[in-house]
Amino acid sequence: SGSSDPYCVVKVDNEVVARTATVWKSLNPFWGEEYTLRLPHGFRSLAVYVLDEDTIGQDDVIGKVSLSRQQISAEPRGVDSWLSLVPVDPDEEVQGEIHLELRVPEQGHPRVLRCHLIEARDLAPRDPSGTSDPFARVLCCGHTLETAVIKKTRFPRWDEVLEFELAEGEPREAVLSVELWDWDIVGKNDFLGRVEFPLDTICTEPTKGWFQLLPFPSGARDRGGQLGALRLAVRLEEDTVLPPPYYQPLIQLLTEPVLCPGQPPAGTALAILEEVTSGDSRQDVATKLVKIFLGQGLAVPLLDYLVTRELARTTDPNTLFRSNSLASKSMEQFMKVVGLPYLHEVLKPVVNRIFEEKKYVELDPGKMELSRGRISFKGSLSEAQVRESSLELLKGYLGDIVDAIVGSVDKCPLLMRVAFKQLRRRVEERFPSEQHEEVRYFAISGFLFLRFFAPAVLTPKLFSLREQHADPRTGRTLLLLAK
């Protein structure tokens with residue numbers, strides 16, 4: 001069809017840790033998905049594979065982007081850019097470790113290198129059964145020896161010793177190479193990974209332990225974006241978590257202006273935080289603050305403090321809470337943490353129906369595909385008929401959504417209701433005149449609808465209302481409903 005159904009798989013050290021939704025029929029997919037991964041301390045690399053989902057047969061691999069730990073760590077604010085996809089070579093897609101011991105006994109002539117191949121673990125599955133038939137091949141000084149084949153396993157145990165006679169004057173730069181292969185009765189064997197050791201190191205002292213399997217030296221070339229490019233934002237954070245008592249002075253510093261509101265507002269820790277943060281960092285700060293204050297049972301007083309400061313700076317009620325201030329971001333995060341189950345209960349039935357019905361809805365004459373509307377016996381529908389049909393559908397969906405919201409008062413979390421009650425009171429105090437009577441309602445609806453319900457209708461996947469992103473037709477319906 002000249003298109004693809006792309007999705008991404010995220011791997012850390014060749015272990016799959018996440019998979020995005022599939023974006024159907026697109027060569028320019030947008031995912032907008034974010035993952036927080038808890039990584040082992042010694043992780044080495046992160047890779048994102050882009051695949052094309054096929055209903056019949058195996059999914060096609062389009063390409064991948066790989067980032068080493070060093071590359072990510074070198075950017076304190078993280079990597080955020082377009083990165084060209086490179087081809088995927090099966091010989092480079094290795095995983096697992098091998099357990100072995102290498103030693104050269106001091107006694108005896110000629111000298112003998114003993115290679116004890118003990119076992120391997122977590123090897124890549126190369127056979128349709130989801131396993132492999134692994135054997136080890138050891139190469140040293142122009143000689144090659146192999147272990148037995150262990151059938152149908154990704155965790156083979158050989159416990160074999162292979163010996164190599166070392167000639168006098170063997171060059172110091174010589175290496176011992178251990179390769180793992182999947183034995184196939186038909187066709188060529190599949191590569192599983194390799195490790196190398198300098199010979200002079202082994203001769204100096206025994207080498208023993210688990211070693212990460214590595215691919216053959218890469219022959220892949222960046223094709224200059226021929227396979228496409230992937231926009232990634234990746235940031236590595238390393239936190240040292242101490243016992244709770246160590247954080248009490250910080251919590252006391254943050255909660256002091258909320259618990260003791262008589263202090264000069266400009267010099268508090270919360271006020272300084274707002275001054276020194278901006279953009280993405282303010283979102284992070286708001287998320288952390290809401291969690292800290294929820295843990296202390298002070299989330300509503302925190303929001304009240306931030307809202308009061310925001311109101312004091314606002315002269316025009318039409319601009320109230322329109323910026324991404326710390327107050328706006330904190331209220332947004334508060335609703336997500338406290339209100340997500342409520343959001344699901346209210347919106348999920350209607351959103352599921354929209355996805356299942358897949359009705360064609362369009363109000364913009366420039367975007368109407370008249371031949372794709374409901375087909376009548378007289379041929380394609382007219383612009384007016386598509387518009388009328390679309391309005392009818394939108395009013396039906398929107399009526400159901402509004403009815404669900406209005407009828408959900410008793411289900412709305414108590415904390416949200418208390419926070420909104422306090423917000424309304426503060427707005428009334430700041431704008432008491434009759435001409436500003438509606439501001440108290442706009443302040444609440446600006447959060448409840450613009451920052452809570454509408455974004456969830458627009459992108460249900462990001463609020464866990466659906467497992468997959470909407471197809472283009474359903475996505476257009478959701479966009480019009482959100483507007």
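Me: How much space lies in the second largest pocket?
Reply: This is a predicted model, in which local features need pLDDT of at least 70, side-chain atom pairs count only at pLDDT 80 or more, and totals for chains, interfaces and linings use all residues. A pocket is an open set of points on a 1 Å grid over the protein atoms alone, with protein on both sides within 12 Å along at least five of seven lines. Grid points are joined across faces, edges and corners, and a volume is the space filled by probe spheres set on the points. For the second largest pocket that space is about 740 Å³.

Me: Which element gives the most to the lining of the second largest pocket?
Reply: Lining residues have an atom within 4 Å of a point; of the 24 here, the closest to the pocket centre are Lys-11, Val-61, Val-88, Glu-93 and Arg-126. Two or more residues come from each of β1 (6-12), β3 (45-52) and β12 (190-198), strands being DSSP runs of E with at least two residues and helices runs of H or I with at least four, numbered from the N terminus. With three residues, the element that gives the most is β1.

Me: From which domains does the lining of the second largest pocket draw at least three residues each?
Reply: The protein is divided into domain 1 (6-88 + 223-234), domain 2 (97-212) and domain 3 (248-367 + 382-482), with bounds from an automatic or database domain assignment. Residues are numbered from 1 along each chain as its sequence is written, and side-chain values use heavy atoms, with hydrogens and water left out. The centres of two of these domains, 1 and 2, taken over C-alpha atoms, are separated by 32 Å. The pocket lining draws at least three residues from each of domain 1 and domain 2.

Me: Which elements give two or more residues to the lining of the largest cavity?
Reply: A cavity is a set of points where a 1.4 Å probe fits but cannot get out, and the search finds one of 30 Å³ or more. The largest cavity has a volume of about 40 Å³, and its lining includes Val-300, Asp-304, Gln-422 and Arg-426. The elements asked for are α6 (299-313) and α9 (414-430).

Me: At which residue does α7 bend?
Reply: Helix α7 (residues 326-357) has 32 residues, yet its end C-alpha atoms are only 40 Å apart, short of the 46 Å of a straight helix, the expected span being 1.5 Å times one less than the number of residues. A bend is the angle between axes fitted to the seven residues ending at a residue and the seven starting there. In α7 a bend of about 70 degrees, with Pro-341 following within four residues, lies at Gly-339.
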